[in-house]
Amino acid sequence: MAKRALITGITGQDGAYLAQYLLSKGYEVHGAVRRSSHGGVADHRLEWLGIREQVRLHDANMLDLASLIRLVQEVRPDEFYNLAAQSFVATSWNQPILTGQITAIGVSHALEAIRIAKPDTRFYQASSSEMYGLIQQPVQSEDTPFYPRSPYAVAKLYGHWITVNYRESFGMHASSGILFNHESPLRGREFVTRKVTDGVARIKLGLADELRLGNIDAKRDWGHARDYVKAMWLMLQQDAADDYVVATGTTTTVRDMCAIAFEHVGLDIEEHLVIDPEFFRPAEVDVLLGDPSKARRVLGWEPETSLGAMIREMVDADMTRLSQPSPPPAISMPL
Ligand code: NAP
Ligand code: F7E
């Protein structure tokens, strides 16, 4: 019989790629979707990957424990991937309480739903390298102490430790993936890589003439979401649940990432890039660099896509989107 997976956050970047990967492995894939007045566009990433008709979507919200209990009772998943979150760091200073409710307490809701309705379900928690924040070691591994620098990172720390706690308290098969930044053509346009690739494509096509960014000296360890969702699945195939860093082991400045995008379309970065104080954060995570050796050793996982290849893929996808007869308008949020 096909294994059954339940994904919260299935309408997000990782949820879409994970659904595609699990379908390719023969899973029956179910997803939790929160009701929105924009219902017609919530599944645009699943549409982009051509899998919308192959997944079963259910009405549930991370803020509503009862909806999650009912969902686990109804779907009876073998594996539960908790990807739902208020995941944009900058917004977490504007909406710190909502971020805590979804990104922290939402994890407790998911774990309680499993504990009540089907305790043998294997659980994956989407933890984050943002938990390292003000880094305590130059290269971050599973043993590096955390020092969160945003309401988002504080909330993720709760989600991480409550996952560890349910594993230790109730013997649940609950694993936490400490994933470093991962991107793709399906990344939200508020995140810096996609803001850059969308912005560069607009400039190339004459739809804009500048790209406004904040701290371009920040460094990140960027990988491809398509590669990273494989690590999530591998964690749940292990006999024992555990925590793993998933990263490339290479770090790059925002400036250099941006240069790759401009170069790809033959534009001069100096002519178009504008530094705008509006995009600086109240507290910054200056540099992140992960050590994925445990994931490599135990899971046999390797990143397959270089930063350069990924940024070029993203620019090409944005050029295609923006060349359509009615291209998407520029992002309107002040983010
Ligand atoms: P994303 O694109 O922002 O997707 C977030 C998902 O959560 C969306 O499907 C969203 O639904 C859903 N969601 C938000 N609030 C919800 C609620 N109250 N109830 C139900 N669903 C809700 O994020 P992502 O990049 O795919 O990341 C997936 C997960 O990994 C997140 O937990 C993120 O924090 C974490 N993470 C991401 C990275 C990264 O670099 N991408 C790195 C480490 C950890 P809507 O479509 O309705 O908004
Ligand atoms: O920022 C700098 C910004 O928003 C990266 C989320 O998926 O990864 C993501 O969080 C860096 C920061 O991602 C702009 O200050 C400069 O230093 O793309 P980002 P993030 O904050 O690292 C982690 C692992 C997660 O878990 C999160 O969910 O880029 N930066 N100028 C800018 N960032 C943005 N967004 N916009 C700018 O204009």
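**Entry 1: ligand 2**

I looked up the surroundings of ligand 2 and found 22 residues around it, with Ser87, Ser128, Tyr152, Arg281 and Glu284 coming nearest. The model is predicted, and I read each value below with that in mind. I then sorted the shell of ligand 2 by residue class: nine nonpolar, six polar and seven charged.

Next I went through polar contacts. In the side chain of Ser128, an N or O atom is 2.6 Å from an oxygen atom of ligand 2. For Arg281 I noted a polar side-chain atom that lies 2.6 Å from an oxygen atom of the ligand. Val192 takes part through its backbone, where a polar atom is 2.8 Å from an oxygen atom of ligand 2. I also looked up how much of the ligand is covered: taken alone it exposes 700 Å², and the protein buries 95% of that.

**Entry 2: aromatic pairs**

I listed the ring pairs and the count came to nine. I took Phe88 and Phe191 to begin with. Their ring centres are 5.1 Å apart and their planes stand at 80 degrees; over 60 degrees counts as edge-to-face, so I filed the pair under that heading. Where in the chain do Phe88 and Phe191 lie? I found Phe88 in the loop between β4 (79-82) and α4 (89-94), and Phe191 in the loop between β7 (182-183) and α7 (192-204). The two are 103 residues apart, so this pair links distant parts of the chain. Both Phe88 and Phe191 are buried.

I then turned to Tyr166 and Phe170. The ring centres are 5.0 Å apart and the planes are at 75 degrees, so this pair is edge-to-face. Both residues lie in helix α6 (residues 151-170), four residues apart, or about one turn of the helix. Are Tyr166 and Phe170 buried or exposed? Tyr166 has 8% relative accessibility and counts as buried, because the cut-off is under 20%. Phe170, at 41% relative accessibility, counts as partly exposed, because that value falls between the 20% and 50% limits.

I also noted a cluster: Tyr132, Phe146, Trp161 and Phe180 are linked by ring pairs.

**Entry 3: charges over rings**

I checked for lysine ends placed over aromatic rings. Lys195 has its charged end over the ring of Phe279, 3.3 Å from the ring centre. Lys294 has its charged end over the ring of Tyr244, 4.9 Å from that ring's centre.

Conventions. Residues are numbered from 1 along each chain as its sequence is written. Chains are lettered from A and ligands numbered from 1 in the order in which they are written. This is a predicted model: local features need pLDDT of at least 70, side-chain atom pairs count only at pLDDT 80 or more; totals for chains, interfaces and linings use all residues. Side-chain values use heavy atoms; hydrogens and water are left out. Rings of Phe, Tyr and Trp (its six-membered ring) pair if their centres lie within 6.5 Å; planes under 30 degrees apart count as stacked, over 60 as edge-to-face and the rest as tilted. Buried means under 20% relative accessible area, exposed over 50%, partly exposed in between (1.4 Å probe, protein chains only). A charge sits over a ring if NZ of Lys or CZ of Arg is within 6 Å of the ring centre and within 35 degrees of the ring normal. A residue is near a molecule or strand if one of its heavy atoms lies within 4 Å of it. A polar contact is a pair of N or O atoms within 3.5 Å; within protein, one must be able to donate a hydrogen and the other to accept it, and residues adjacent in sequence count only if both atoms are side-chain atoms. Accessible areas come from the Shrake-Rupley method with a 1.4 Å probe; for residues, only the protein chains shown count as cover. Ala, Val, Leu, Ile, Met, Phe, Trp, Tyr, Cys and Pro count as nonpolar, Asp, Glu, Lys and Arg as charged, and the others, Gly among them, as polar.
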